[in-house]
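Please open the structure in a viewer and keep the selection tool at hand. The tour below proceeds by selection, with a note on what each one shows.

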Amino acid sequence: MNESFGGSPSLLLGTYTPRLDDKGRLILPAKFRGQLASGLVMTRGQERCLFLLPMDEFRRMYDQIRQAPVTSKQARDYLRVFLSGASDEIPDKQGRISIPAALRTYAGLDRDVAVIGAGTRVEIWDAGAWEAYLADQEAEYAATAEEVLPALRF
């Protein structure tokens, strides 16, 4: 695993536009392969994208979610949706992963996709959906910078 930021795993960054093959497989961008080579969990993300989580990040998230009380309907619902579509994968020697049909349907993936690094996870979007999302968010990005990062000066 690549190391940076004081010994913690390096951040997953950037946007890539690979294509799914006819079998629903994706070749992971080379920059992400080292962190995902030993295994990952693919699951539903928010806004109809897919999350690819390195195994240690998946375990960290799962541990946080399962600490919520079982009496919380919101926590039960979230855990069910998060885990029911999850698929553990190990990339092949070419860095390919298979995206299950149910997850391709959920995210509206056909051929052209956007694969983005989102810090501790990778997100897979339909290319058109990503472009539309990004266009919608660009104006908000500037407007919310002060709210999200109040102490950060550019």
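Two strands count as paired if DSSP finds at least two bridges between them. With that criterion in mind, note that the model is predicted, and begin with the strand pairs.

**First stop: the hairpin.** Select β9 and β10, two antiparallel strands joined by five bridges. Within this pair, G117 stands opposite V122 of β10. Four residues lie between the strands of the hairpin, and G119 has a positive phi near 85 degrees.

**Second stop: the other partner of β10.** Keep β10 selected and add β6. These strands also run antiparallel, with three bridges between them. Select F51 to find one point of pairing: its bridge partner in β10 is E123. How many of the five residues of β10 are buried? Four are, and the strand is thus described as mostly covered.

**Third stop: the loop before β6.** Select E47, which is located in the loop between β5 and β6. Its phi is positive, near 55 degrees, although E47 is not a glycine. Now select R48, placed in the loop between β5 and β6. R48 is likewise a residue other than glycine with a positive phi, here near 65 degrees.

**Fourth stop: the largest nonpolar core.** This core has 20 residues; select L26, M42, L50, L52, I99, L109 and I124, the members that touch the most other members. Next, colour the elements that each supply at least two residues of the core: α1 (30–36), β5 (40–44), β6 (50–54), α4 (101–107), β9 (113–117) and β10 (122–126). Which element gives the most to this core? It is α4, with three residues.

Centre the view on L109 and display its surroundings. Leaving aside residues up to four places away in sequence, L109 touches L20, L50, I99, R104, I124, W125 and D126.

**Fifth stop: the second core.** Select I65, F82, A114 and W130, which are among the 12 residues of a second, separate core.

**Last stop: the largest pocket.** Retain W130, and add Y133, L134, Q137, E138, E140, Y141 and T144; these residues line the largest pocket. The space within this pocket amounts to about 170 Å³. Colouring the lining by residue class gives four nonpolar, two polar and two charged residues. W130 thus appears at two stops of the tour, as a member of the second core and as part of the pocket lining.

Definitions and conventions:
Residues are numbered from 1 along each chain as its sequence is written. This is a predicted model: local features need pLDDT of at least 70, side-chain atom pairs count only at pLDDT 80 or more; totals for chains, interfaces and linings use all residues. Side-chain values use heavy atoms; hydrogens and water are left out. A nonpolar core is a set of buried Ala, Val, Leu, Ile, Met, Phe, Trp, Tyr and Cys residues joined through side-chain atoms within 4.5 Å. Buried means under 20% relative accessible area, exposed over 50%, partly exposed in between (1.4 Å probe, protein chains only). Contact means heavy atoms within 4.5 Å. On a 1 Å grid over the protein atoms alone, a cavity is a set of points where a 1.4 Å probe fits but cannot get out, and a pocket is an open set with protein on both sides within 12 Å along at least five of seven lines; lining residues have an atom within 4 Å of a point. Grid points are joined across faces, edges and corners, and a volume is the space filled by probe spheres set on the points. Ala, Val, Leu, Ile, Met, Phe, Trp, Tyr, Cys and Pro count as nonpolar, Asp, Glu, Lys and Arg as charged, and the others, Gly among them, as polar.
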